[in-house]
Amino acid sequence: MKTQRFFCKDCNEYRKCEGRTPSHILHLLLSIITGGIWLIVWLILLLKPQAWHCATCGSRRIAKHHELSEAIKNKRQANPVAILIGLLAGIAIGFWLMLSGG
Ligand SMILES: [Zn+2]
């Protein structure tokens, strides 16, 4: 769980908001177990904008800034470095499992 200050449309004020962070260790383990297949799911989760909610009222009507257009502009929060590392690690582990298993 991580917190950040966003504009809550229900409070009509800047509030502390809570967001879920994906568990990278869990996804890495699942990628190893499934031989890289889980990477597809991991990538989808990384590309999805985080589900933030207001810590005060619990509303999910959150904007990064007061203006709605700004919220749309900053919707994508995917980290390309994390995606690349995950992809390379998954491919390497998948190949290693294939070679050692066969
Ligand atoms: Zn609120």
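Met1 is exposed, because just 7 other C-beta atoms lie within 10 Å, and a residue counts as exposed at 12 or fewer. Met1 sits in the segment before S1. Its C-alpha atom is separated by 5.8 Å from that of Gly19, a residue 18 places away along the chain. All of this is read from a predicted model.

**Overall plan**

The secondary structure comes to four helices and four strands. Along the sequence they follow the pattern β-β-α-α-β-β-α-α. The protein has 102 residues, and 12% of them count as buried. Consider the contacts with a separation of 6 or more: residues 24 or more positions apart account for 65% of them.

**The sheet**

In what order do the four strands of the sheet lie? The order is S3-S2-S1-S4, the sheet is open, and the pairing is antiparallel. Strands S3 (52-54) and S4 (62-63) are the edge strands, and each pairs on one side only. Strands of a sheet pair through backbone hydrogen bonds, either parallel or antiparallel.

The table lists the strand pairs.

| Strand pair | Sense | Bridges | A bridge partner pair |
|---|---|---|---|
| S1 and S2 | antiparallel | seven bridges | Phe7 and Tyr14 |
| S2 and S3 | antiparallel | three bridges | Cys17 and Cys54 |
| S1 and S4 | antiparallel | two bridges | Phe7 and Ala63 |

Phe7 appears with a partner in two strands. In S2 the bridge partner of Phe7 is Tyr14. In S4 the bridge partner of Phe7 is Ala63.

**The hairpin and its turn**

S1 covers residues 2-8. S1 and S2 form a hairpin, with four residues between them. Asn12 lies in this loop, and strand S2 (13-19) comes after the loop. Which backbone angle of Asn12 is positive? The phi of Asn12 is positive, at about 60°, although Asn12 is not a glycine. Is Asn12 buried or exposed? Asn12 has 9 C-beta neighbours inside 10 Å, so it counts as exposed.

Tyr14 has its place in strand S2. Tyr14 has 13 C-beta neighbours inside 10 Å, so it counts as partly exposed. Exposed residues have 12 or fewer such neighbours, and buried ones have 20 or more, so 13 falls in between. Leaving aside neighbours within four places in sequence, Tyr14 is in contact with Arg5 and Phe7. The C-alpha atoms of Tyr14 and Cys54 are separated by 9.3 Å, and these residues are 40 apart along the chain.

**The nonpolar core**

Which residues make up the largest nonpolar core? This core has seven residues: Phe6, Phe7, Cys8, Cys17, Trp52, Cys54 and Ile62. S1 and S3 each supply at least two of them. The largest share, three residues, comes from S1. Core members also appear in the strand pairing: Cys17 has Cys54 as its bridge partner in S3.

Take Cys8, another core residue. What does Cys8 contact, leaving aside its neighbours within four places in sequence? The contacts are Glu13, Arg15, Cys54, Thr56, Cys57, Ser59, Arg61 and Ile62. Among them, Cys54 and Ile62 are listed in the core with Cys8.

**The annotated regions and helix H4**

An unreviewed UniProt entry carries the annotation "transmembrane region" for residues 25-47 and 81-99. In the model, residues 25-47 are 83% helix and 0% strand. The end C-alpha atoms of that span lie 17 Å apart. Residues 81-99 are 100% helix and 0% strand. Their end C-alpha atoms are 27 Å apart.

Helix H4 covers residues 80-101. How does the span of H4 agree with what its 22 residues should give? At 1.5 Å a residue, H4 should span 32 Å, and its end C-alpha atoms are 31 Å apart, so the two agree. An α-helix has 3.6 residues a turn, so residues three or four places apart point the same way. How many of the 22 residues of H4 are buried? The count is two, and H4 is hardly covered.

Methods:
Residues are numbered from 1 along each chain as its sequence is written. This is a predicted model: local features need pLDDT of at least 70, side-chain atom pairs count only at pLDDT 80 or more; totals for chains, interfaces and linings use all residues. Two strands pair if DSSP finds at least two bridges between them. UniProt positions are given in the numbering used here, feature names are shortened, and annotations may be inferred rather than shown by experiment. The expected span of a helix is 1.5 Å times one less than its number of residues. Two residues are in contact if their C-beta atoms, placed from the backbone, lie within 7 Å. A nonpolar core is a set of buried Ala, Val, Leu, Ile, Met, Phe, Trp, Tyr and Cys residues joined through C-beta atoms within 7 Å.
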